[in-house]
Amino acid sequence: MSGFAHGAWGGSPRDSRRAKVLISGASIAGPALAHWLSRYGFEVTVVELAPALRGGGQNVDFRGRTHLTVLERMGILEELRALDTGGSPITFVNQDGRQLLHLPAEFAGGELEVPRGELAQLLHRHSSARAEYLFGDSITALEETAHGVRVAFRHGAPREFDLVIGADGLHSNVRRLAFGPEQRFVRHLGYYAATWQLPNDGGLPAGGVSLNVPGRLMSVGADHRDPARAGAFCLFASPELRYDRHDSERQKALIRDAFAGLGWRVPQLLASLDAAPELYFDSISRADVPTWSTGRTALLGDAACGASIGGMGTGTAVVAAYVLAGELALARGDHRAAFARYERLLRDYAQGCQKGGDRTGPFLAPRTATGLRLRNAVLNRRWALDKMLELGKQVSSVELPDYGQALADRVSAAG
């Protein structure tokens, strides 16, 4: 497919210059976009602030026809099936360890659930042979010129690109530089969440066991592949907090304060924070950007329309990367038309998925004892679970163009 970009981007088969695209972010959306763009013949660079691929994190799931179709077209579906955890059942208990609610694996895991870190590694492996990755660096300035975008980096020398894509998450640096400050676009939804790894004491089931009290949830479960490891997850209701996002010690203190005095395994899990190799801590928030592009810069995934947890962000990011790359490949150099079609095809779909993030905190940690009892009473009925699973599949589905076929037809028509 490498020849498609010459005619599609340059407007003439004689124009052999490949369009240069800079992607900010090497989590999921960025490498997925790099995979497609480099396959179509674009010259792709991915810049990532972290010194290497980030490991750990929660398992992520794919559900419904649209997600699986895009993964199949990427050529990675079977590799992901080999990584499938089989889903993660969730059991809710009280402070005495008595079961209050059990949710089966398919409720949280969809049709395919994989560890986030392993998905990131797979996407990097599939794209790195054709795309350049710059770890340990970040963008400090964007200046649009007559023919491209001049980009300044924290460490590297300035470079010019045809397009810049912000695939750098809810707290997007590209969005801040090109669209405006974060507070214009990101809204706090009333909860904070954290995950970290710890040794398994031998008594933990795969999936998760969760303590629930009003406004708080603390969960722990054995690693699916390494029985010597476990993963902890917590969530708590709170007004917006002021803290340094890069200060892990302050974040650990906030978690300890939120869960002080609780029983069950909570003291053990709080004690494990000191030795945690990596901590994820963030608000549950959502991003709403009125338009996903400005000039030669566009946003992808959570940077454009994200929710921290529960908004099907991983599946939406992979679908959005497929559409954005396909539209750019078809654009014949008109990035404005490509960006507009990309947003027109996906905005309603992404916002529909995003709404799940609004409900995540209240669902996992209702703020009142009455809310907890009501959730448990409803979801202890199988018909209610089945209804929620079916709604999840419907929300995650959208009709997509077959860009590979469209590009092949163009080449065939050109003779």
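Here's a quick tour of the sheet, the nonpolar cores and the cavity in this structure. It's a predicted model, so heads up: local features need pLDDT of at least 70 and side-chain atom pairs count only at pLDDT 80 or more, while totals for chains, interfaces and linings use all residues. Residues are numbered from 1 along each chain as its sequence is written, and side-chain values use heavy atoms, leaving out hydrogens and water.

**Sheet**
- Six strands (DSSP E runs of at least two residues, numbered from the N terminus) form an open sheet in the order 7-2-1-11-18-17, with mixed pairing; a pair needs at least two DSSP bridges.
- Strand 7 (132-135) and strand 17 (293-294) sit at the edges with a single partner strand each, so one side of each has no neighbour in the sheet.
- Strand 1 (residues 20-24) runs parallel to strand 11 (residues 163-166), joined by four bridges, and Val21 stands opposite Leu163.

**Cores**
- The largest nonpolar core (buried Ala, Val, Leu, Ile, Met, Phe, Trp, Tyr and Cys joined through side-chain atoms within 4.5 Å; buried is under 20% relative accessible area, 1.4 Å probe, protein chains only) has 79 residues, with Ile23, Leu71, Leu80 and Leu300 making the most contacts inside it.
- Helix 11 (residues 313-330; helices are DSSP H or I runs of at least four residues) gives this core the most, twelve residues.
- A separate core of 27 residues includes Met218 and Val266.

**Cavity**
- Which residues lie nearest the centre of the largest cavity? They're Gly301, Asp302, Cys305, Thr316 and Ala350, out of 16 lining residues.
- Helix 12 (335-364) supplies the largest share of that lining, four residues.

Notes. Buried < 20%, exposed > 50% of the residue type's maximum accessible area, 1.4 Å probe, protein only. 1 Å grid on protein atoms, 1.4 Å probe; cavity = no way out; pocket = protein on both sides within 12 Å on 5 of 7 lines; lining within 4 Å.
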